[in-house]
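Please walk through this structure with the sequence and the model side by side. Keep the side chains visible.

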Amino acid sequence: MNALWSYFWPALGSGIAAGVIAGAFGFRRDARRSLVLALGLAATILLAALWHGPVGAADRFSASVERTARAALDHYEMSKVTAVLHRGPLTRQLVLSGPADDFQRPELARLLSQVPGVSRASWSRSAGIPLLAEGLGVSLLGFLVGLLLAYLVELRRRYNAQWNW
């Protein structure tokens with residue numbers, strides 16, 4: 001499972017949609033620009049949070065990454081080693097535990113860091129950036145892209161409004 005396709009694209013798309021809609025209403029001359037843009041920003045944050053939690057994207061993402069990591073460990077015949085994503089809050093860091101010698105520890109961490117969707121694999125429980133924060137960041141980036149698109153459409157509309165032959 002690729003983290004870009006499975007988790008971040010829908011967050012980016014919802015941010016772009018919210019930005020285009022908020023910008024379409026916010027960039028009109030008679031609109032209350034700050035109120036409309038604030039509502040669009042709130043909608044973007046709400047959509048990203050809903051995507052992460054109640055819709056279940058984070059659970060599907062973590063289950064898929066942990067399943068792929070388990071398959072990799074089984075391939076390397078390391079059945080007593082476990083690999084789970086860091087929780088509380090959920091991050092993309094894979095935490096390894098179980099019996100391994102001094103050679104296996106760094107090599108397993110290196111190999112499992114290459115699992116799609118994993119930012120880092122380690123044997124310690126150090127926290128990384130929460131997945132929700134990454135999703136909100138991508139969604140806010142999409143909101144800004146949507147605002148830019150709406151602004152360009154509004155500029156074209158204003159430019160064409162001067163031609164009334």
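Is arginine 157 buried, exposed or partly exposed? Arginine 157 is partly exposed, because its relative accessible area is 35% and the partly exposed class runs between 20% and 50%. Note that this is a predicted model, and every value below is computed from it.

Start with the partner of that arginine. Glutamate 154 forms a salt bridge with arginine 157, and the closest N and O atoms lie 2.5 Å apart. Both residues belong to helix α5, and because they are 3 residues apart there, about one helical turn separates them. Glutamate 154 has a relative accessible area of 6%, so it is buried. The pair therefore joins a buried glutamate to a partly exposed arginine. A further residue enters here: Arg28, Glu154 and Arg157 form one network through salt bridges that share partners.

The structure holds 6 salt bridges. Side chains of opposite charge can pair when their charged atoms come close. One of the bridges links arginine 92 with glutamate 134, with 2.9 Å between the closest N and O atoms. This pair connects distant parts of the chain. Arginine 92 sits in the loop between β1 and β2, glutamate 134 sits in helix α5 (residues 131-161), and 42 residues separate them. Arginine 92 and glutamate 134 are both buried.

Another bridge stays within one helix. Arginine 110 pairs with glutamate 107, with the closest N and O atoms 2.4 Å apart. Both lie in helix α4 (residues 104-112), 3 residues apart, or about one turn of the helix. Arginine 110 has 41% relative accessibility, so it counts as partly exposed. Glutamate 107 counts as partly exposed too, because its relative accessibility is 27%.

Charge also meets an aromatic ring. The charged end of arginine 105 sits over the ring of tryptophan 123, 4.3 Å from the ring centre.

Now turn to the ring pairs. A pair of aromatic rings is described by the distance of the centres and the angle of the planes. The structure holds 3 aromatic pairs. One of them is tyrosine 7 with phenylalanine 8, an edge-to-face pair with 5.1 Å centre to centre and 85 degrees between the planes. Both residues are buried. Tyrosine 7 also pairs with phenylalanine 61; the centres are 6.0 Å apart and the planes stand at 45 degrees, so this pair is tilted. Tyrosine 7 lies in helix α1 (residues 3-26) and phenylalanine 61 in helix α3 (residues 57-75), so the pair ties together parts 54 residues apart in sequence. Phenylalanine 61 is buried, as is tyrosine 7. Together, Tyr7, Phe8 and Phe61 make one aromatic cluster.

Next come the strands. Strand β1 (residues 82-85) has two faces: Ala83 and Leu85 are on the covered one, Thr82 and Val84 on the uncovered one. β1 pairs with strand β2 (residues 93-97) in the antiparallel sense, over 4 bridges. In this pairing, leucine 85 stands opposite leucine 94 of β2.

Where do the nonpolar residues gather? In soluble globular proteins, nonpolar side chains tend to be buried together. Here, the largest nonpolar core has 26 residues, and the members that touch the most others are Tyr7, Leu73, Ala83, Leu94, Leu112 and Leu131. Elements that give two or more residues to this core are α1, α3, β1, β2 and α4. The greatest contribution comes from α3, with 7 residues. Leucine 73 gives a closer view. Leaving aside its neighbours within four places in sequence, leucine 73 is in contact with Met78, Val81, Thr82, Ala83, Leu108 and Leu112. Another core lies apart from the largest one; it has 6 residues, among them Ala18, Ala22, Leu147 and Ala150.

Finish with an aromatic residue on the outside. Phenylalanine 103 is in the loop between β2 and α4. Its relative accessible area is 62%, so phenylalanine 103 is exposed. From phenylalanine 103 to alanine 43, the C-alpha to C-alpha distance is 49 Å, and the two are 60 residues apart in sequence.

Note on methods:
Residues are numbered from 1 along each chain as its sequence is written. This is a predicted model: local features need pLDDT of at least 70, side-chain atom pairs count only at pLDDT 80 or more; totals for chains, interfaces and linings use all residues. Side-chain values use heavy atoms; hydrogens and water are left out. Rings of Phe, Tyr and Trp (its six-membered ring) pair if their centres lie within 6.5 Å; planes under 30 degrees apart count as stacked, over 60 as edge-to-face and the rest as tilted. Buried means under 20% relative accessible area, exposed over 50%, partly exposed in between (1.4 Å probe, protein chains only). A charge sits over a ring if NZ of Lys or CZ of Arg is within 6 Å of the ring centre and within 35 degrees of the ring normal. Two strands pair if DSSP finds at least two bridges between them. A salt bridge is a side-chain nitrogen of Lys or Arg within 4 Å of a carboxyl oxygen of Asp or Glu. A nonpolar core is a set of buried Ala, Val, Leu, Ile, Met, Phe, Trp, Tyr and Cys residues joined through side-chain atoms within 4.5 Å. Contact means heavy atoms within 4.5 Å.
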